[in-house]
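Me: I've got a fold here that I'd like to talk through. Could you take me round it, one question at a time?

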Amino acid sequence: MFPLKAIQDAIGAEGLDGWLLYDFRDNNPLACRVLGLGPEAHLTRRLFCFVPAEGEPLKLVHRIEDSVLAAVPGKTMLYSSADEMRGALTEMLNGVGRAAMEYAPDGTNPYISLVDAGTVELVRSIGAEVASSGNLVQRFDAVWSGAQWAAHREASAGVLAAFDAAWAMVRECLAAGESLRETEVQAVMLDRLAGAGLVTDHPPIVAVGPNSGNAHYAPQAGSDAEIVKDAFLLIDAWGKLDHPDAVYADYTRVAYTGDAVTPMIAEVFGVVAAARDAAVSLVEKAFSDGATLEGWEVDRAARGVIEAAGYADAFVHRTGHSIGRELHGSGAHMDSLETRYERTVMPGTCFSIEPGIYLPEFGVRSEVNLYVDPKGKVDVTGEPQSEVLLLHT
C-alpha cells in the first residue's frame with residue numbers, strides 16, 4: 001500500500017510543498033521503488049506523480065500507459081503530445097513553491113541526481129523551485145524493514161564464513177609449500193558465498209603486497225600476484241541473499257603470512273583501527289544523546305585520526321557508504337572528502353565504516369557495518385578486527 005500519510009508527514013518535516021516523482025524508462029529506480037513500480041512494470045513514457053504536503057496526489061501518465069500508477073491514490077491526468085504534457089504539468093504544479101526531486105545542487109550527490117537536467121529546467125520554467133529529495137529518498141528507500149535486518153545478519157554470517165575459508169586455504173597452501181594466487185583465493189570465496197545462498201555484484205578483492213595499496217584493486221587471472229610467505233594480504237568481500245529486497249553485508253579484513261608483522265604494518269593498522277573506532281564511537285554517542293548526525297561528521301571523526309598520525313594524503317576515499325539493496329545504497333554516505341555529505345544519518349539505515357591508508361608497499365583498510373535500529377540502538381556487524389591476523393605455518 002502506498003504510504004501516503006508517512007510521505008506527506010516527511011514532506012512537511014522537510015519544509016517542502018511536495019515531492020515530484022518522475023521516471024522515464026526506469027531511469028529513476030528510486031522514484032519507481034517509492035511508487036511501488038517493480039521490474040515487471042512496463043514503463044516506456046514519461047510519468048510524474050506529485051505528492052503534496054497536504055491533499056491528494058496528482059498523477060500524470062501517457063494515455064497508452066494510463067494504469068501504470070493505479071496503485072497510487074489520487075487523480076490521474078493523461079497526455080499524448082508534448083504540449084499536452086506540459087500543460088498538465090503546469091496545472092499539476094500550480095501554486096507550488098518548493099518541490100523535491102531526485103536532484104542534488106552542484107552535482108553534490110550522484111546517487112540522488114537521477115532526474116535529467118532538461119526535466120529540472122522544465123519544472124523550473126513552470127515556476128516551481130526544485131529541491132533535493134535526498135532525505136525523503138533515504139526515509140522511504142534506505143530505511144530497512146525487520147526482514148531486511150534479518151537478511152543482513154544472514155548475509156553477514158555467509159560473508160564471514162567465506163573469509164574463514166580464504167584464511168584456511170592460505171594457511172594450508174603455505175604449510176604445504178604450494179603456489180597460491182590471488183584469483184584462486186577469490187574463486188574459493190565466491191564458491192563459499194554461493195554455497196551460503198549469497199549473490200554479489202562483483203567478486204571479492206584479494207590483494208597481496210603492493211596490490212593492497214590500490215583501494216579498488218581487481219585481481220585478474222594471468223596477471224594476479226602469488227601469495228607468498230611474509231606478505232601482507234587484504235580481502236574485501238560482500239554479498240546478499242538472492243531475492244529483490246535483500247540487503248548487503250560488506251567487510252574488509254587484513255592478514256600477514258608470517259610469524260609477526262613489521263613495525264610499519266603494525267603502526268598503520270593501529271591508526272586505521274583507531275580511525276574506525278572513532279567513527280563508530282561518534283555514531284553511538286550521537287544516537288545515545290539523541291543528537292542529529294550528518295554523514296560528513298562521521299567521516300571527519302575517522303579522517304581526523306589519520307590526519308593526526310601524518311597519513312592524510314594516503315586516505316583517498318570517504319569513510320563509508322550507505323548499504324541497501326545495492327552495495328552502495330541510497331542512504332547517507334559517511335563523506336567529507338568526495339562531497340560534504342549533509343544528509344542525516346537516520347534510524348533504520350545501515351552503512352559501512354571503512355577508513356584506509358594506502359602506501360606503495362601495502363594498504364590497510366578495516367571495514368565494519370553499522371545498523372542503527374528504529375529506536376536508535378547502534379549494532380556493529382562484521383566483528384571489528386583488533387589486530388592483523390597472522391597466517392603463519
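Me: Is Asp26 buried, exposed or partly exposed?
Reply: This is a predicted model, where local features need pLDDT of at least 70, side-chain atom pairs count only at pLDDT 80 or more, and totals for chains, interfaces and linings use all residues. Residues are numbered from 1 along each chain as its sequence is written, and side-chain values use heavy atoms, with hydrogens and water left out. Buried means under 20% relative accessible area, exposed over 50% and partly exposed in between (1.4 Å probe, protein chains only). Asp26 has 44% relative accessibility, so call Asp26 partly exposed.

Me: And what's phi for Asp230?
Reply: Most residues other than glycine have a negative phi. Asp230, in the loop between β8 (205-208) and β9 (232-241), goes the other way, with a positive value near 55°.

Me: How many disulfides are there?
Reply: A disulfide is a pair of cysteine sulfur atoms within 2.5 Å. Cys49 is buried at 0% relative accessibility. By that distance rule, the count is zero.

Me: Which cysteine has the sulfur nearest to that of Cys49?
Reply: Cys49 is in no disulfide. The nearest cysteine sulfur is 11 Å away, and it belongs to Cys32.

Me: How are α3 and α4 oriented to each other?
Reply: Their axes (lines fitted to C-alpha atoms over the stretch in contact, with angles from 0 to 180 degrees between N-to-C directions) come within 10 Å and cross at roughly 55°. Under 35 degrees is roughly parallel, over 145 roughly antiparallel, 65 to 115 roughly perpendicular and the rest oblique. So α3 and α4 are oblique.

Methods:
Helices (H or I, at least four residues) and strands (E, at least two) are DSSP runs, numbered from the N terminus.
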